[in-house]
Amino acid sequence: MQRIPEEKIDEIRSQVDIVDVVGNYVQLKKQGRNYTGLCPFHGEKTPSFSVSPEKQIFHCFGCGKGGNVFSFLMQIDGLSFVESVKKVADLAHIPLDVAISKGDSAPGNKPDSQESKMIEIHQLASKLYHYLLMETEEGQEALQYLLDRGMSEQELDHFEIGFAPAHASTVTTFLKKREVDLALAVESGLLTERDDGEVVDRFRNRIMFPIKNDRGQLVGFSGRLFNQEDGPKYLNSPETPIFNKRNILYHFSDARQEIRKKEEILLLEGYMDVISSVSATFSNGVASMGTSLTEEHVQMIRRVTNRAIICYDGDRAGIEASFKAGTMLAEQHRLEVFVLQLPNGKDPDDFIRSEGAEKFAEIYTHQRLTWTAFKLQFFKRNRNLQNETDKIAYLGEALAEIGKLDQAVERELYLKQLGSEFDLSMEALKQQLQQTVVVKPKPHDYGGPPPESYGEYPSYEGDGGPVYEQFSFAQPSGVPSAGLTSEKRLLKYMLEDRDAFIQIRNLLEEHQTDFYHDNYKALYTHLIGFYASGNDANPLALMDQLKDDMARNLVSELEMMTVNTDVSIEEYQDYVQSLTKSSIERDIKEKEQALLTATQQGDIPAALELARTITTMRATMKNTPN
């Protein structure tokens, strides 16, 4: 088995900026020397995720996860170590000219999973469907239907649109010839098994839209009827180990870069809407899979942007769906939301193909409604404003919404609009607004002192005050903070300087002391082996060799620390003495507890011996330099 040489791994790692890679998954903002964002590995509302371009590492101070560019991809995409190296090599356009077997023993590598095989099966089927649409007589009717709807062959190629014939075994036969495991194809949702045990195609006589997950992997299909009324208009892949509508947005992986560039996402209802929006140069468009926006969808969106433009169909159902989605995004998750309402109730696909891309761009840019403006229109829909009761009820709803606005200028603007529309004075509206608004405490207005102990990160979930999320490497019970600080600093210096490692190791042996925290002790052991193998100080290379996620997380945490780089051996000596003093303090506490027990049990000799021992230990600690 051939492994990727360490020199090649170093070359690949050095050619890619971790900020660019992480930025494809997380919306990052520059903050000092680092970049910060919402952690993709746990739900949070306050950014605790940090990426260092200088160190080329990431670390979350909320959940504790950390590492380099390879470990990030391993965790976010579920890749093996070798797969992550391949992906980074592709990004850097570096040929990986080594043969890598499935059984490669590189760190973290694992054999091809059932999920990856399912994805390969879908890729095979997608190529077949597209060929049948574009190149065969059997697909001619479906092709003509799409062309008549205004789609170009370039669009069909770009989105890999295909055609599933009416035959029951087109794909089944195709996969059999390629010796594909049909049972796995059934489990993947591509094929289905009849009651008599016969395996047949799931999709028949439908136009096929390939569906990719947020990593760009093909995980399912949506088949559309085009020449018959029998059956659902769209038939999606069933829920499988690789396909779940709750966490898939159509076109998201391809749109991610444009979303980051525009700093906003365009939310659409259907596949055709997305395809038309891309043709109109709005490549930031995505669509949910025939389902309402979910929490999983919102988390995906929040990783790349804080602004959403909703452009659903203009019919009653589309308007209500816009209100539901906007409420979720703006009020539950605090995104900035705008709504596009196209004339005459048209959906985006029909509007773009009939009115043109320029007209759509004009509405997108200049006629978008703020979330408040859309809600004020929405509340009017089912009210007769000629009726005094309905009018008063509407004004109450409108003022309640206006009262939620933080900016005085915004409140003034909408109050003036209401006053003009209903011939009401600003004085009356403001007086009513004061009676309507209920002041809510701001997120930081909570009782009690702020968290002081190492390892606690406040996040404000719900209305019951802050919830403290415990992340890895919290301070062990009973360890003085000074001792923990010494452990962290010593390991930090040992990570970054081989000479420092040698000096500190000699001091630890001389004072017959060690690290107390188990994770720190384990990392110290890893460092001994790393340097014994002839390596120079290289935290990124060390991370690649660590199979333990906890150890890798600790390295990233230490690398994020800022310490004085001009350190003398006397300072190392002080930190080691601090470890010794902390160790003695722990021993004293244990002996004091034993003394208490001996006294309660009436064991006078044992109590006296323990008392003498404690006195001696306290004297020793007193003589230990601070």
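In the predicted model, strand β4 (residues 57-60) is joined to β5 by two bridges in the antiparallel sense. Within this pair, F58 lies opposite G67 of β5. Helix α24 (residues 549-559) packs on the sheet and touches both β4 and β5. The direction of helix α24 makes about 100° with that of β4.

Strands β4 and β5 belong to an open sheet of five strands, arranged in the order β1-β2-β3-β4-β5 with antiparallel pairing. The edge positions are taken by β1 (29-31) and β5 (66-67). Because each of these two strands has a single partner strand, one side of each is left without a neighbour in the sheet.

A further set of paired strands involves β13, β15, β16 and β17. Strand β13 (residues 265-268) pairs with β15 in the parallel sense, over three bridges. In this pairing, L267 has I310 of β15 as its bridge partner. Strand β15 (residues 307-310) is also paired with strand β16 (residues 336-339), again in the parallel sense, and here four bridges are found. Two of the residue pairs can be named: R307 stands opposite E336 of β16, and I309 has F338 of β16 as its bridge partner.

The connection between β15 and β16 includes helix α13 (residues 316-332), and the three elements together form a right-handed β-α-β unit. Strand β16 additionally pairs with strand β17 (residues 369-370), in this case in the antiparallel sense and over two bridges. Residue F338 takes part in this arrangement as well, standing opposite T370 of β17. F338 is thus placed across from I309 in the parallel pairing and across from T370 in the antiparallel one. As a general matter, strands of a sheet pair through backbone hydrogen bonds, in either a parallel or an antiparallel manner.

At the level of the whole protein, 26 helices and 19 strands are assigned. Of the 626 residues, 47% are buried. When contacts between residues at least 6 apart in sequence are considered, 64% of them join residues at least 24 apart. The exposed surface of the protein amounts to about 31,000 Å², of which carbon and sulfur atoms supply 47%.

Terms used:
Residues numbered from 1 in each chain as written. Predicted model: local features only at pLDDT ≥ 70, side-chain atom pairs only at ≥ 80, totals over all residues. Heavy atoms only, no water. Pairing = 2+ DSSP bridges. Right-handed = clockwise from strand over helix to strand, strands pointing away. Buried < 20%, exposed > 50% of the residue type's maximum accessible area, 1.4 Å probe, protein only. Contact = heavy atoms within 4.5 Å. Areas by Shrake-Rupley, 256 points an atom, 1.4 Å probe, with all protein chains shown as cover. Axes fitted to C-alpha atoms, helices over the stretch in contact; angles between N-to-C directions.
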